[in-house]
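The following exchange examines how descriptive terms are assigned to a structure. Each answer sets a value against its definition.

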Amino acid sequence: MLPFIFEWVWDIGHILFFGGFWYAIGILGAGMTYCIAKAAYDTVKESQGSSH
Amino acid sequence: MDAALIPEGAKRCSFPKFMLGIAIVGAVLLWGVYAMLLCWFKGLNQTNMNDYYGFALWIWADLAVIAVGGGAFFTGLLKYIFKIDELKNIINFAVIIGFICYSSALLILAIDIGQPLRGWFIFWHANVHSMLTEVAFCLSCYFAVLTIEFIPNILENRQLNKVPFFHHLAHNMHGTMAIFAATGAFLSFFHQGSLGGVAGVLYGRPFAVREGLLIWPWTFFLFTWSAAAFGPCFTLLVTRITEAVTGKKLVKDNVVNLLAKISGWMIFTYIIAKIIDTIYWANVTVPSLGYELSHFYTGNSLYGYWILVAEVIICGLIPGLLLINKSTRENPNLRLLAIVLGVIGVCLNRWVMVLQVMAVPVMSFDTWALYIPSWQEVATTILPVAYGIILIAVTYRYLPVFPQELELNQSKPQES
């Protein structure tokens with residue numbers, strides 16, 4: 001049992017189901033984090049470029 | 001009044017006229033919301049479902065909107081993974097339609113479960129042997145994908161795009177969209193399939209049960225295939241309706257014909273597989289379970305052989321042939337006919353796989369169960385339609401949904 005999954009059991013069903021679920025969530029989370037971080041970086045870079 | 005929010009160069013109707021339209025559709029929406037609140041506060045006794053007939057109008061509506069919403073994942077797959085660049089001119093609208101369909105599906109499920117406060121149980125107390133758990137997981141995740149795909153279009157609003165951070169965010173999200181689209185295709189494959197899989201593993205229901213491959217019955221693959229095949233038809237149909245309402249050409253014919261051609265081949269190959277599946281089921285599966293084919297299509301006032309012919313031939317084979325044939329595909333009227341037939345066909349398929357499955361008598365003492373939904377069920381099923389119309393109206397007015405709109409309407413400035 002993992003602290004964030006109440007009824008987690010170490011069997012193939014749970015590993016496949018939750019593995020796929022967290023895999024998808026992970027990709028979406030990582031993708032959005034990258035986009036937001038890069039947008040913040042680009043914005044700061046642009047504002048610094050325009051202030052010089 | 002709201003001119004600053006309207007895309008540059010685009011002609012839209014006056015704000016009061018727009019609000020009048022929203023108010024009319026909004027009244028229908030409120031009727032649905034009232035019925036929804038009745039179901040939530042008074043319980044599922046507001047419906048005509050019972051222990052015998054647990055999958056009813058909502059589940060059909062749910063499966064139908066998910067099937068027609070499949071245009072978003074399939075168009076995204078074609079555009080971002082197979083790099084069919086022409087589809088960039090319709091992908092925004094496909095995503096909006098998908099967003100509406102999937103948010104509607106989740107809304108219907110929230111009403112259908114009776115106690116929405118316990119909706120999170122499916123994640124926390126997940127039954128990993130249930131295909132519907134897989135559907136819930138994939139549906140939720142795919143709705144997140146659609147939201148992510150929709151965000152850049154929202155950020156391209158004339159005013160929002162002036163904010164540097166939003167401008168860069170939209171740009172970066174466009175750049176990484178292939179990853180999101182691939183994830184969406186992966187999720188869609190499984191939830192579309194598992195919705196069909198649910199029917200295929202109903203061992204106590206000989207009308208639905210099918211053999212299959214490993215743990216997946218053939219209905220798993222047929223549902224995914226049909227969503228990819230007919231989903232683009234719905235995208236094209238809503239595009240055509242939007243063009244009719246606005247009085248403008250919004251997407252060039254070459255784009256429409258391309259998507260229609262792909263859809264046509266998908267429909268044609270799907271319907272061949274469906275015919276093979278039906279023949280095998282009728283001649284092998286059904287007799288092995290002690291039934292005859294006539295058991296499923298006679299002895300009642302609604303479900304006759306006509307529904308099989310309508311689904312497979314009239315609304316399956318015919319639209320497929322019309323769309324793969326160049327001359328009929330490029331004829332606007334025949335193309336529209338094929339698209340309409342296709343959308344009816346996939347909705348009919350979901351109806352058969354949900355409602356007819358429940359209606360067919362199984363035990364020797366059973367009779368046909370012909371269910372009639374309550375007005376609350378009808379109102380809550382119409383609710384997503386009203387919501388969809390409002391969202392399309394708002395997005396069309398304020399967002400650059402159709403990249404070709406200005407080019408196609410330069411010579412004839414008119415209000416819509």
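The questions below begin with the model as a whole and then turn to single elements and residues.

Q: How do you know which features of this model may be discussed, and how are residues and chains labelled?
A: This is a predicted model, in which local features need pLDDT of at least 70, side-chain atom pairs count only at pLDDT 80 or more, and totals for chains, interfaces and linings use all residues. Residues are numbered from 1 along each chain as its sequence is written, while chains are lettered from A and ligands numbered from 1 in the order in which they are written.

Q: What confidence does the predictor give to chain B and to the complex?
A: On the pLDDT scale, the predictor's confidence in each residue from 0 to 100, chain B has a mean of 92, and 99% of its residues reach 70 or more. For the complex, the ipTM is 0.87 and the pTM is 0.93. Where pLDDT is low, the predicted coordinates should not be read in detail.

Q: How do you know whether chain B agrees with the rule for a compact globule?
A: The radius of gyration is taken over C-alpha atoms, and the globule rule is 2.2 Å times the number of residues to the power 0.38. For 416 residues the rule gives a value near 22 Å; chain B has 22 Å, and therefore agrees with it. Along the principal axes, the C-alpha atoms of chain B fill a box of roughly 70 × 55 × 40 Å.

Q: What makes up the secondary structure of each chain?
A: Helices (H or I, at least four residues) and strands (E, at least two) are DSSP runs, numbered from the N terminus. By this count chain B has 15 helices and two strands, and chain A has one helix and zero strands.

Q: Why is Met266(B) called buried?
A: A residue is buried if 20 or more other C-beta atoms lie within 10 Å of its own, exposed if 12 or fewer, and partly exposed in between, with C-beta atoms placed from the backbone. Met266(B) has 24 other C-beta atoms within 10 Å, and is therefore buried. Its place is in helix α10 (residues 253-288) of chain B.

Q: Which residues does Met266(B) touch?
A: Two residues are in contact if their C-beta atoms, placed from the backbone, lie within 7 Å. Not counting residues up to four places away in sequence, Met266(B) touches Ala228(B) and Ala229(B). The C-alpha atoms of Met266(B) and Gly320(B) are separated by 7.8 Å, although these residues lie 54 apart along the chain.

Q: Why is Ala126(B) counted as buried or exposed?
A: Ala126(B) has 22 C-beta neighbours inside 10 Å, so it counts as buried. This residue lies in the loop between α5 (121-124) and α6 of chain B. Its contacts, not counting residues up to four places away in sequence, are Phe17(A) and Thr133(B).

Q: Why are Lys83(B) and Leu214(B) called buried or exposed?
A: Lys83(B) has 9 other C-beta atoms within 10 Å, and so is exposed. Leu214(B) has 6 such atoms within 10 Å, and so is exposed. Lys83(B) is in the loop between α3 and α4 of chain B, and Leu214(B) is in the loop between β1 (212-213) and β2 (216-217) of chain B.

Q: What makes the phi of Lys83(B) and of Leu214(B) notable?
A: Most residues other than glycine have a negative phi. Lys83(B) is not a glycine, yet its phi is positive, near 55°. Leu214(B), also not a glycine, has a positive phi of about 55°.

Q: How do you know whether α2(B) has the span expected of a helix?
A: The expected span is 1.5 Å times one less than the number of residues. For the 12 residues of α2(B) (residues 57-68) this should be 16 Å; the end C-alpha atoms are 16 Å apart, so the two agree.

Q: What makes α2(B) mostly covered?
A: Of its 12 residues, 12 are buried. The elements of chain B against which they pack include α3 (70-81), α4 (91-112) and α9 (218-246).

Q: How many residues of each chain meet at the contact between chains A and B, and of what kinds?
A: 21 residues of chain A are in contact with 23 residues of chain B. Ala, Val, Leu, Ile, Met, Phe, Trp, Tyr, Cys and Pro count as nonpolar, Asp, Glu, Lys and Arg as charged, and the others, Gly among them, as polar. On the chain A side, 13 are nonpolar, four polar and four charged.
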